[in-house]
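The following exercises are to be solved with the sequence and the three-dimensional structure at hand. Each task is followed by a solution in steps.

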Amino acid sequence: MDDDLEILLTNDDGIESPGFRALYDSLSDLGDVTAVAPATDQSAVGRAISSRVDIAEHELGYAIEGTPADCVVAGLQAICPNPDLVVSGCNKGANLGHYVLGRSGTVSAAVEAAFFGVPAIAASLYVPLDPNDDREWTDVDVPESKYREATRATTYLVKHALGAGVFDHADYLNLNAPVPDYCTGDIEITRPSHMYDMDATVDDGIASLHDRVWERMAAGDVPDPEGTDRRAIVDGHVSVSPLTAPHTTEHHEALDALAATYNSD
C-alpha cells in the first residue's frame, strides 16, 4: 500500500448519500481522500457540464452545486490537481450495460477523469427487488451497511490496480456489486451487456418512458450471456468491466464511397 496515495472522490447521488460516506471512510484507510461531490442528487445527468457552479466547504471536502463532470473538472483543475486516482460512487443502483454508460453520472465522472488522463473507478450497488414488491428500487432505503461488498471491492482495486498495471490497458473500471445478502464475494471481469428494453407511451400529451430491464431482472428474465456485467451481478458476483473512454472509429468503405460521390458533385 502507498501511504501517500491521493484520491479524488466524487459521485452523483450527492455528498450526503450513505454510499458516498461508506466509500469515503473505507478509502481514507489508504491515503488522502479529497471529496468533491454534488451538493444534491445528480443521478442520470451523464456528462452534462456547467460554466459556473457554486462551491462550499463540507465536513468531507467540497460540495458543488453542479454535476459529477463539474466536480471532476473543478477537482482536477483547481482543488486536487494531482491525484493518483479518481473514484466515483458508491452509487445507489447498478450501472450496467452499454446503454447506461452514457447516462450515468457515476460512470460519467470516471469518463471525465479518463479524458484528463487520470485513472478512475466508478462504483455502484445493485439493489435487487422481489418481483412482488410494488416499489421502485429508487424508493428502497439502503443504509450504509449495505454498501459493504461494494466498498470492499472498490477499496481492494484502489489499493492494487495501479501497481498491477491495470490502467496500462484500461482508462477506467466500471464496478458493480450486489448488496451483501446477494453477494458471493468474488470478482468477475466482464463486458457491458447489449440488452436494451425501453418503451414509451403517449397519453393526453404526456410521453412516459419506461426502462423495462429492471423489472425483467426482478422477474429473473435475464437473457444476457456469461461474461456480461448484468449476468455477473444477477448471479451474485462483483462485476468489473475494464473500459476505455475515447470513441473509436473504423475504416468504412461504403462511407468512403459516399464521400467521394459528394466531393465529385
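In these exercises, contact means heavy atoms within 4.5 Å. The model is a predicted one.

**Exercise 1. Determine where Gln42 lies, whether it is buried or exposed, and which residues distant in sequence it is in contact with.**

Step 1. Gln42 belongs to the loop that runs between strand E2 (31-38) and strand E3 (55-58).

Step 2. A residue is called buried when its relative accessible area is under 20%. The value for Gln42 is 17%, and Gln42 therefore counts as buried.

Step 3. When neighbours within four places in sequence are left aside, the contacts of Gln42 are Asp12, Gly66, Thr67 and Pro68.

**Exercise 2. Identify the residues that UniProt assigns to the feature "binding site", and explain why they can be treated as one spot.**

Step 1. The unreviewed UniProt entry places this feature at Asp12, Asp13, Ser43 and Asn91.

Step 2. These residues span 80 residues in sequence, yet no two of their C-alpha atoms are more than 8.8 Å apart, so they gather at one spot.

Step 3. Asp13 is located in the loop between strand E1 (5-10) and helix H1 (18-27). With a relative accessible area of 17%, Asp13 is buried.

Step 4. Beyond its neighbours within four places in sequence, Asp13 is in contact with Thr40, Asp41, Ser43, Cys90, Asn91 and Lys92. The side chains of Asp13 and Ser43 are joined by a polar contact of 3.2 Å.

Step 5. Asn91 is part of strand E5 (residues 85-92), and at 6% relative accessibility Asn91 is buried.

Step 6. With neighbours within four places in sequence again left aside, Asn91 is in contact with Asp12, Asp13, Thr106, Ala123, Ser124, Leu125 and Tyr147. In addition, a polar atom of the Asn91 side chain lies 2.7 Å from the backbone oxygen of Gly93.

**Exercise 3. Establish why helix H4 (residues 105-115) can be called largely enclosed, and describe what covers its buried residues and what is found at its two ends.**

Step 1. Of the eleven residues of H4, ten are buried, so the helix is largely enclosed by the rest of the structure.

Step 2. The buried residues are Gly105, Thr106, Val107, Ser108, Ala109, Ala110, Val111, Glu112, Ala113 and Ala114.

Step 3. The cover over these buried residues includes E1, H2, E5, helix H3 (98-101), strand E6 (120-126) and strand E7 (172-178).

Step 4. At the start of H4, a side-chain oxygen of Ser104 comes to within 3.2 Å of the backbone nitrogen of Thr106.

Step 5. Gly117 follows H4 and has a positive phi, near 80°.

**Exercise 4. Which residues are joined by a cis peptide bond, and what backbone feature do Ala44 and Asp204 show?**

Step 1. The cis peptide bond joins Gly89 and Cys90, with omega about 0°. Cys90 lies in strand E5.

Step 2. Ala44 is not a glycine, but its phi is positive, about 60°. Ala44 is situated in the loop between E2 and E3, and its relative accessible area of 59% makes Ala44 exposed.

Step 3. Asp204, also not a glycine, has a positive phi of about 55°. Asp204 is placed in the loop between strand E9 (198-203) and strand E10 (206-211). At 74% relative accessibility, Asp204 counts as exposed.

**Exercise 5. Characterise the nonpolar surface patch that contains Ile189, and state where Gln77 lies and how far it is from Glu250.**

Step 1. Tyr156, Ile187 and Ile189 make a nonpolar surface patch of about 310 Å².

Step 2. Ile189 lies in strand E8 (residues 187-189). A residue is exposed when its relative accessible area is over 50%; the value for Ile189 is 58%, and Ile189 is therefore exposed.

Step 3. Gln77 is found in helix H2 (residues 68-79), and at 54% relative accessibility Gln77 is exposed.

Step 4. Gln77 and Glu250 are separated by 173 residues in sequence and by 33 Å in space, C-alpha to C-alpha.

How values were computed: Residues numbered from 1 in each chain as written. Predicted model: local features only at pLDDT ≥ 70, side-chain atom pairs only at ≥ 80, totals over all residues. Heavy atoms only, no water. UniProt positions renumbered as here; feature names shortened; annotations may be inferred. Helix = DSSP H or I, 4+ residues; strand = E, 2+ residues; numbered from the N terminus. Buried < 20%, exposed > 50% of the residue type's maximum accessible area, 1.4 Å probe, protein only. Polar contact = N/O pair within 3.5 Å; in protein donor to acceptor, adjacent residues only side chain to side chain. Patch = residues over 30% accessible without salt bridge, like charges linked within 9 Å, V, L, I, M, F, W, Y side chains within 5 Å. Areas by Shrake-Rupley, 256 points an atom, 1.4 Å probe, with all protein chains shown as cover. Salt bridge = Lys/Arg side-chain N within 4 Å of Asp/Glu carboxyl O.
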